[in-house]
Amino acid sequence: MCIADDTMDTKNPKSFMAAKLTARAAETSNMKNAQVFNIGYTPNEILIRTELERVTDDLADYVNLGLPRHIIIYGSKGSGKTLSALIMAKALRDTKAVPYFYINVRENPTSTKIYRNITRLFGKGHEVEEVRSKCDSLLSGKSLVILDEIDFLQDYDVLYHITRHTKANLILLTQKVYWYKNLNDESVKSSLQPDHIVFHEYSTEEIREILKMRAKEGLNEFDKESLGLLSALLVRDYRSDARIGIKALEILGRSNKWDEDSVTTALKQAYIEVEGETLKNLGDRDLLILAALIKNQDTNKAYSEVSASNHLLLRGVSKSTFFQSVNYLQNLGLVTLIKKKIGRYYTMESQILLSDESIVSGELRKRL
Ligand SMILES: Nc1ncnc2c1ncn2[C@@H]1O[C@H](COP(=O)(O)OP(=O)(O)OP(=O)(O)O)[C@@H](O)[C@H]1O
Ligand SMILES: [Mg+2]
């Protein structure tokens, strides 16, 4: 026997889809252009931060005189290093036909990978020597090489080689203020002789300006006053990280609700999305070690706890593996190590750079 069910939905798929499209369109009707909120999006207009004066002075001298003026840009997460370097490089390419090459070192951490990226010679059939000599010819005239997240570089051949054998101007980007100071290769340092440019953390006004430009480009409606609150909170609680601000703006723009509660909730959610992405990409062991560092500031204590743990990935882990992982976490900007004197001895203390540590336990719960 067949029982007819009145509640069963038997609409035809076309009208079902059409109804869905209309309903969703109403929900996203405030979005003028959703791409504007992607982190890698290059906006029509940017806020020219004061330090760009020096960057462009150096680049202008390089183009006019032909002598490289290598640059290291330091700045915290979301301070506009990548965007600024790319915008300036594109401007030079478009006005003076100076080509540029952009490589993310976190994704390409060896010199060989960087040469292969510059030359686009990825196949095994191309020996390193061939790749390097093609690289030399590509960089034999005025050109820019941007190495982003340079602190992930595992060997210094590429720095030595580009500075000694090509005419290219290097632009190195890093969050680590001590990266150059800790670089223990004098010959690389002497041929690099960079101009050190530190990007300050954005002020509330600067963040507000950036968000306003983004809102105008990406949204039909927004509330100016709320952008002020969003910027102030971002500066106070999230180290002026523009990535988080832009994500929060997207969330607010979608719902088109701009009251104080919505702003605070959007910021929290944006933080989890942006920082959660870094945590999601961590291996289980690195994540567990991060959790141990949150519990014990003293890295020796954290190590003792980790190596005595019952967890398969941690039990009996060697000190060098442990510190390799800590170093990696440091490179990702999740922790920083500080030398502390206790009595007659020195220990390394870790400081957690997460604005909200609970996202680590959240990620652990999801996985283990
Ligand atoms: N001066 C600015 N004008 C307009 N948009 C900006 C500006 N600075 C940063 N942004 C935007 O903020 C976001 C973060 O900037 P960017 O990725 O350049 O930061 P970063 O310093 O490279 O960060 P990270 O260290 O995480 O790589 C990007 O979406 C970028 O477009
Ligand atoms: Mg960047």
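Two strands are taken to pair if DSSP finds at least two bridges between them. In the predicted model described here, β2 and strand β3, the latter comprising residues 144-148, satisfy this criterion in the parallel sense, with five bridges linking them. Within this ladder, tyrosine 100 has leucine 144 of β3 as its bridge partner.

The pair belongs to an open sheet of five strands, arranged in the order β2-β3-β4-β1-β5 and paired in parallel fashion. Its edges are formed by β2, which spans residues 100-104, and by β5, which spans residues 195-198, each of these strands pairing on one side only. From one strand to the next, the twist averages 15 degrees. Helix α2 packs on this sheet, where it touches β1 (71-74), β4 (169-174) and β5, and the direction of α2 makes about 155 degrees with that of β5.

Besides its packing on the sheet, α2, which covers residues 52-65, packs with helix α3, which covers residues 81-96; the two helices are inclined at an angle of about 35 degrees, and their axes lie 11 Å apart. The crossing of α2 and α3 is right-handed. On the α2 side the contact is made by Leu52, Val55, Thr56, Leu59 and Val63, while α3 contributes Ser84, Met88, Leu92 and Lys96. Classified by side chain, the residues of this contact between α2 and α3 comprise six that are nonpolar, two that are polar and one that is charged.

At the level of the whole chain, the assignment gives three domains, with domain 1 extending over residues 52-198, domain 2 over residues 203-278 and domain 3 over residues 282-367. The centres of domain 1 and domain 3, taken over C-alpha atoms, are separated by 32 Å.

Ligand 1 is surrounded by 18 residues, of which the closest are Gly80, Lys81, Thr82, Leu83 and Ala242. Helix α3 and helix α10 (242-255) are the elements that give two or more residues to this shell. In terms of domains, the shell around ligand 1 draws at least three residues from domain 1 and at least three from domain 2. Its composition by class is eight nonpolar, six polar and four charged residues. Helix α3 thus appears in two settings in the predicted model, as a partner of α2 in the helix packing and as a contributor to the shell around ligand 1.

Terms used
Residues numbered from 1 in each chain as written. Chains lettered and ligands numbered in written order. Predicted model: local features only at pLDDT ≥ 70, side-chain atom pairs only at ≥ 80, totals over all residues. Domains from an automatic or database assignment. Axes fitted to C-alpha atoms, helices over the stretch in contact; angles between N-to-C directions. Helix = DSSP H or I, 4+ residues; strand = E, 2+ residues; numbered from the N terminus. Left-handed = near helix turned anticlockwise from the far one by under 90°. Contact = placed C-beta atoms within 7 Å. Nonpolar A, V, L, I, M, F, W, Y, C, P; charged D, E, K, R; others polar. Near = placed C-beta within 6 Å.
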